[in-house]
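This report introduces a protein structure to a reader who has not met it before. It turns to a sheet and its helices, and afterwards to the pockets.

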Amino acid sequence: MIEVRHLSKAFEGQVVLKDISFSVSKGEVISIIGPSGTGKSTLLRCINLLERPTAGSILIDGIDLMDKKADINKIRRRVNMVFQSFNLFEHLTAMGNLTIGPIKLLGLSRAEAEQNALEMLKLVGLREKADYFPHELSGGQRQRVAIARCLCMRPEAILFDEPTSALDPTMVSEVLAVIRRLAKEGMTMLIVTHEMDFARDVSNRVLYIDEGVVYEEGTPETIFDSPKNDKTRAFINRIRAFHYHIEGPYYDLYAMNAEIEAFCDRYILPKSTRLNLLLLLEELLQLMVAVLETSTLQLTIEYSERYNNLTITLQFSGTPYNPLESLTMPDDLGLRLIKQVSEDISHRWDNQVNTLTAKMKVG
């Protein structure tokens, strides 16, 4: 139904979208996720031609929006949009907001438009709020009125631009429940959202956009459980990373520990976790004394907010060398400390690089 081909968009020389291509079939629900400021909302606005693309084409059932002969207003009635800031007319009641478009643009009589509006308000759970003005409604109610207004135009597809971003957390679920219902009823939808669980639950496909490009596309299971791209994995798991390069055996341990402490402070990790992290790292580095005589080490600490755990990775070049094999004595204190603090520890060698990885829970 919707086809985007090699779409690019730049503002005053600043490239926001770069060569984006994808398609949306009738009845399909696609969620667009990614960091803020990466062009997700701009993409939706281009599809509705609220922003004109710099290059590329957008086809709605084969009609190219970039064609000067295309009736843009007619296409917008078929592919409607729900904004994050509601955009309701403040001087009109909910009923007035829902009937003005159908009367003026669809040619419905007032009686038809009002009957249609009542049905849509009932669908979003706000039938009794028909005579309320926007300022008399909560944020969640206003967004549901905005969705009902969109439905009154009888669209074939809806573009949702972060529909819950302006809402109090307590009101998010009521809006998402309405969108879930529309998905079950077969409405074609393209949704920009930061609600990861919702995106996983409601979508047929997920697009991960970063730096103005589609980095990864796939089913919710693929994107959320086994993303192929490191950027996708970091975003999905809400990973915060710390990197430190150790040049040799005489590195500044105190400076490194101070930076690790600052990293833990930034993400409010418990004191017990910090102490265990420093203890585990000290024991692991003790195993690397021989390595540091001839090689450098790259330390990476990743904190996953999603799984509430830490992953410590030490990488060094050279021939295969597993320092864990040296910990074979049953009374070895270092081995006991490592096993006590870490949930799992492993070594692999690939492309001339040794990687030692340890995982530990936060808390």
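## Sheet, helices and pockets

Within this predicted model, Ile33 has Tyr208 of β9 as its bridge partner. The strands concerned are β3, residues 29-33, and β9, residues 205-210; they run parallel and are joined by four bridges.

Where do β3 and β9 stand in the order of the sheet? The order is β6-β7-β8-β3-β9-β10, so that β3 lies between β8 and β9, and β9 between β3 and β10. These six strands form an open sheet with mixed pairing. Because β6 (79-82) and β10 (213-218) each have a single partner strand, they stand at the edges, and one side of each is left without a neighbour in the sheet. From one strand to the next, the twist averages 20°.

Two helices may be described against this sheet. Helix α1, residues 40-47, packs on the sheet and touches β3, β6, β7 (157-161), β8 (188-192) and β9. The direction of α1 makes about 150° with that of β7. Helix α6, residues 169-184, lies across β3, β7 and β8, and α6 runs at about 145° to β8.

The pockets come next. Rolling a probe the size of a water molecule over the atoms shows where empty space is left. The table sets out the two pockets.

| Pocket | Volume | Lining residues | Nonpolar | Polar | Charged |
|---|---|---|---|---|---|
| Largest pocket | about 560 Å³ | 21 residues | 11 residues | six residues | four residues |
| Second largest pocket | about 340 Å³ | 14 residues | three residues | seven residues | four residues |

In the largest pocket, the lining residues that lie nearest the centre are Asn80, Gly101, Leu105, Arg149 and Met153. Which elements give two or more residues to the lining of the largest pocket? They are α2 (72-78), β6, α3 (94-106) and α5 (139-152). Helix α3 gives the most, with seven residues. Strand β6 thus appears twice in this account: it is an edge strand of the sheet, and it gives residues to the lining of the largest pocket.

In the second largest pocket, Asp230, Arg233, His243, Thr300 and Glu302 lie nearest the centre. The elements that give two or more residues to the lining of this pocket are helix α9 (230-236) and the strands β11 (239-246), β12 (297-304), β13 (309-317) and β15 (353-361).

Definitions and conventions:
Residues are numbered from 1 along each chain as its sequence is written. This is a predicted model: local features need pLDDT of at least 70, side-chain atom pairs count only at pLDDT 80 or more; totals for chains, interfaces and linings use all residues. Side-chain values use heavy atoms; hydrogens and water are left out. Two strands pair if DSSP finds at least two bridges between them. Axes are lines fitted to C-alpha atoms, for helices over the stretch in contact, and angles run from 0 to 180 degrees between N-to-C directions. Contact means heavy atoms within 4.5 Å. On a 1 Å grid over the protein atoms alone, a cavity is a set of points where a 1.4 Å probe fits but cannot get out, and a pocket is an open set with protein on both sides within 12 Å along at least five of seven lines; lining residues have an atom within 4 Å of a point. Grid points are joined across faces, edges and corners, and a volume is the space filled by probe spheres set on the points. Ala, Val, Leu, Ile, Met, Phe, Trp, Tyr, Cys and Pro count as nonpolar, Asp, Glu, Lys and Arg as charged, and the others, Gly among them, as polar.
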